[in-house]
Amino acid sequence: MNPLKDFHGPNAAYILELYEQYQQNPNAVDAATRAYFEQWTPPANGQPALAVSAPEIGVDPAAIMGAVNLGQAIREYGHLAARLDPLGTPPPGDPALAEDYHGLTADLLRQLPASVIGGPAAARAANALEAVTALRRIYSTTIGYDYDHIREPAERQWLRHAAESRQFRPVYNSSQQIALLEQLTQVEAFERFLQRTFPGKTRFSIEGLDMMVPMLTEIIGAAADSKIRAFLIGMAHRGRLNVLAHVLRKPYAQILAEFKDPVARLVTVSQYLGFTGDVKYHAGALRAVRNGDENRLVVSMAPNPSHLEHVNPIVAGMARAAGSKVDQPGPPVFDPMLSLPVLIHGDASFPGQGIVAETLNMYRLPGYRVGGTIHLIANNQIGFTANPRASRSTLYASDLAKGFKIPVVHVNADDPEACLEVAMLAFAYQQEFSKDFVIDLIGYRRYGHNEGDEPRFTQPVIYQLVDKQPTVREQWGSALVERSVLQAGRPEALLQKQMDHLQDVLDALQPEEDLPEPNLEKPEPGLAKRVNTAVPAERLQALHRSLGALPDGFSPHPKLARTLKKQAEMLADPTERSIDWTTAEALALASILEEGIAIRLTGEDVERGTFSHRHAVLHHAETGRPFVPLQNLPQARAAFEIRNSPLSENAAVGFEYGYNIQEPSRLVLWEAQYGDFVNGAQAILDEFVVSGRAKWGQTPSLVLLLPHGFEGAGPDHSTGRLERFLESAAEINMRVANCTTAAQYFHLLRRQALLLETDPLPLIVFTPKSLLRHPLTASSLQELAEGRWQPVIDDAEAQQQPDKVEQLVLCSGKIYADLVSSEYRKDNPGVAIARIEQLYPLLPEALLPVLEGYPNLRRVVWAQEEPRNMGAWRQFKPQLQKLIAGRWPLIGVTRPRWSSPAEGSSAWHHANQKALVESVFKLDK
């Protein structure tokens, strides 16, 4: 008996594990291992594991562990030796993959039982050498399994078994192999035809990654056989037209008409509906797939701008919405099996654009998880002109995903069977674990970044290889000829047939007719003005009582308990202005739920509120148990969801936009911690929120709540960047409001909910901070029960003696409170102060009566806290001048033009604010 002195830690543990299997069932191990253990004496109790002893069998025991370690190295690092690049770049390799690294030779491996390698590959092998060879065929050919970072044992075991059993390897009969060739022929012919017919026109060809289309088709087919009802695709422009044509089934005639680009009809549509459209490789599409009479899968591709990865959170939000049932009170019920998002990334943008990481971070978060996304990296091994070494700090384009413990499989895009195997593996994993999966589809780019680019300027060596590389269609066609599935010449005949078909479509084309009109409807004029937002006092009082009802034994924090007690008394006197901002919001949301409209409210610290004002989620003071009054409302007829969002703006706002677009009948709100934080979502705002209707015909109604007001908090906590929204406001693409009372906020929220299906528009609300608890913002029950939204509020005090008014001050938001509470107010009865609550669209019919209500008016003043180059002044000045029509001078009172929005010193702020207020009242002095 020889001691296995070189066995340490997991090596010895492996021997003991095999021995335990042998003890429980001798037939669980192969014959050679049984013979081994029949002569073996296990260590006695207390004997160190490294002192395991074994019988003399003619093989150095260290070879056994060498074989074990070799097998493990191939499983973990075999992808480093895989032939993943169709252009033949040598893989990086790893020393641990060599037999001699472990002190092994082929003869030694041949003497060992296959069981030392283990797994399904060993079950089909006569010895360890055959098992190792089988592992190399699995892990180091055209598929690279990269999931040694997965920490969940069940997932790791499932992935290992799936790879080694080859259970997802397609076994196609002749007709199926020919069908794959026909699909690849359609893909290639489409690109060839466009290149020939429209030379130089940008299309971002798929060529070099053609297998993307069959992979998507395969996944959709599997999804159609499952419970999935929404298959949601998000992708950038590389290969998008081909996917639209052959996955979404967008008609060839429509695509070719877009290349013809007729202008006359679109000009008419633009003039009537405010539709500008977008380039053809940004468009989305929809397709229904039926499987029998009952199952219906809707496949959609979301529109996406040239901000490549910004569609990621949009699609994630769409998937969350599609899987959420909201028709019952309480929290929504999310079914992860109802939707499947598939995101197609670029190899440079996946590691390069931060919104990818922001979106990946959401995938396990409550309120954001979607039940697993399949990610496909369209890896053409080059950015616009940049090589990978200039684009990322990692070996693989996919390595970012490892930090989120997402399995990755790399696959050579020129091996059709390997690609389809990986596609089905990804789908099966997503279905099994409801988690993300990454496919790194490694190919090349046949042309430059676009078809007008010359890539040989920057990558001459690579394109020498590309020029010689046969297409995947040509390779698969040759394989079928060699297998005697097809006769020689048949693949090229199929290609010519498809080219002829495309030519026939082009010849019959009538671009004006083949381009469908945008699916846009102009809302009925005046809907927003006519909607009734008032709620009877009895209903509001009943809702208020329900909101204040706590479960038996529930004890909130003592300070909060006092606040709740005070709120409970706010509706006692219908005429007393005692309802604060928070209570008005809660009543608005409760009444909306009572009317059967579901609500999703998310944001940074939104459950409590940045300023400790909302407390929509209460916590037991001792146990921490949460309680959400709006989810326990007896009157509710729809679900209420509230979630603290991750500390992200770009992906967070994008997610809510996607949720809103997918389910427009639900009220969706996102709140920033401070208004200026929305800066982090500027690309989502520009590319989706404010222009999605004009470009793609979308009808978003997302609500953004942006705390705003100059209070000495510094440049970063003062402004919601009102000017950026106003300069993007056109063609009635949004509503922008800055409310000054709780009642106004109540009616604004209700109006938004009641217009969701008839006049949907994004709503940007600049919300208060210090004014949340200010007496001037408080409202009465009567104002909620009998009032309505007022886009402009005149000066009630000045209206009593309008003849005395010589100066009308127009303002919005917090500065109103500073002006009316100023010491100068009482000494200047000739100054009226009116509030513009709706900043866009600015309604002349609401403002003109105010302007014309003071017969002795001498001047009109616009007053704002913001610097002159910010806030509303730049946008309002020409509009006010048009309304005034020269009757009175227009003066702007603002801070000076600054590059930074606010002072960094509180003392400096207060000095400037006081001077600004004083100047409003002393323009004559």
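Start with the whole chain on screen: 36 helices and 26 strands. Helices are DSSP runs of H or I with at least four residues, strands are runs of E with at least two, and both are numbered from the N terminus. You're looking at a predicted model, where local features need pLDDT of at least 70, side-chain atom pairs count only at pLDDT 80 or more, and totals for chains, interfaces and linings use all residues. Residues are numbered from 1 along each chain as its sequence is written, and side-chain values use heavy atoms, with hydrogens and water left out.

**The overall view**

Along the principal axes, the C-alpha atoms fill a box of roughly 115 × 80 × 55 Å. Of the 925 residues, 59% are buried; buried means under 20% relative accessible area, exposed means over 50%, and partly exposed is in between, with a 1.4 Å probe and protein chains only. Now think about contacts (heavy atoms within 4.5 Å). Among those with a separation of 6 or more, 80% are between residues 24 or more positions apart.

**Stop 1: helix 13**

Select residues 311-322. This is helix 13, with 12 residues, and at 1.5 Å a residue it should span 16 Å; its end C-alpha atoms are 16 Å apart, which agrees. (The expected span is 1.5 Å times one less than the number of residues.) Colour by accessibility and you'll see that 11 of the 12 residues are buried. Among them are Val311, Pro313, Met318 and Arg320.

**Stop 2: strand 22 and its partners**

Jump to residues 807-811. All five of the five residues in strand 22 are buried. In a regular strand, side chains alternate between the two faces of the sheet. Here Gln807, Val809 and Cys811 sit on one side, Leu808 and Leu810 on the other, and both faces are covered.

Next, add residues 831-836. Strand 23 pairs with strand 22 in the parallel sense over five bridges; pairing requires that DSSP finds at least two bridges between the strands. Look for Gln807 opposite Val831. To get from strand 22 to strand 23, the chain passes through helix 33 (residues 814-820), making a right-handed β-α-β crossover. Right-handed means that, with the strands pointing away from you, the path from the first strand over the helix to the second runs clockwise.

Now show residues 859-867, which form strand 25. Strand 25 runs parallel to strand 22 and is joined to it by four bridges, with Val809 opposite Val861.

**Stop 3: salt bridges**

Side chains of opposite charge can pair when their charged atoms come close. There are 44 salt bridges in the structure, each one a side-chain nitrogen of Lys or Arg within 4 Å of a carboxyl oxygen of Asp or Glu.

- Arg110 and Asp107: their side chains meet at 2.8 Å, N to O. Both residues lie in helix 4 (residues 106-111), three residues apart, about one turn of the helix. Arg110 is partly exposed, at 44% relative accessible area.
- Glu783 and Arg577: this salt bridge is 3.3 Å, N to O. The pair links distant parts of the chain, 206 residues apart, with Glu783 in helix 31 (residues 781-786) and Arg577 in the loop between helix 24 (558-568) and helix 25 (581-594). Glu783 is partly exposed at 25%, while Arg577 is exposed at 56%.
- Glu585 and Arg614: the closest N and O atoms are 2.7 Å apart. Glu585 is in helix 25 and Arg614 in the loop between strand 13 (599-603) and strand 14 (618-619), so the pair ties together parts 29 residues apart in sequence. Both residues are buried.

For a group view, select Glu188, Arg192, Arg473, Glu474 and Glu492, which are linked in a network of salt bridges.

**Stop 4: a few loops**

Go to Asn387, in the loop between strand 10 (374-379) and helix 16 (388-391). Asn387 is buried, with a relative accessible area of 18%. Leaving out residues up to four places away in sequence, Asn387 touches Gln459 and Ile462.

Pro841 sits in the loop between strand 24 (838-840) and helix 34 (844-851). The peptide bond leading to it from Tyr840 is cis, with omega near -10 degrees.

Finish with Arg249, in the loop between helix 10 (240-246) and helix 11 (252-260). Arg249 has a positive phi, near 60 degrees, in a residue other than glycine, and is exposed at 51% relative accessible area.
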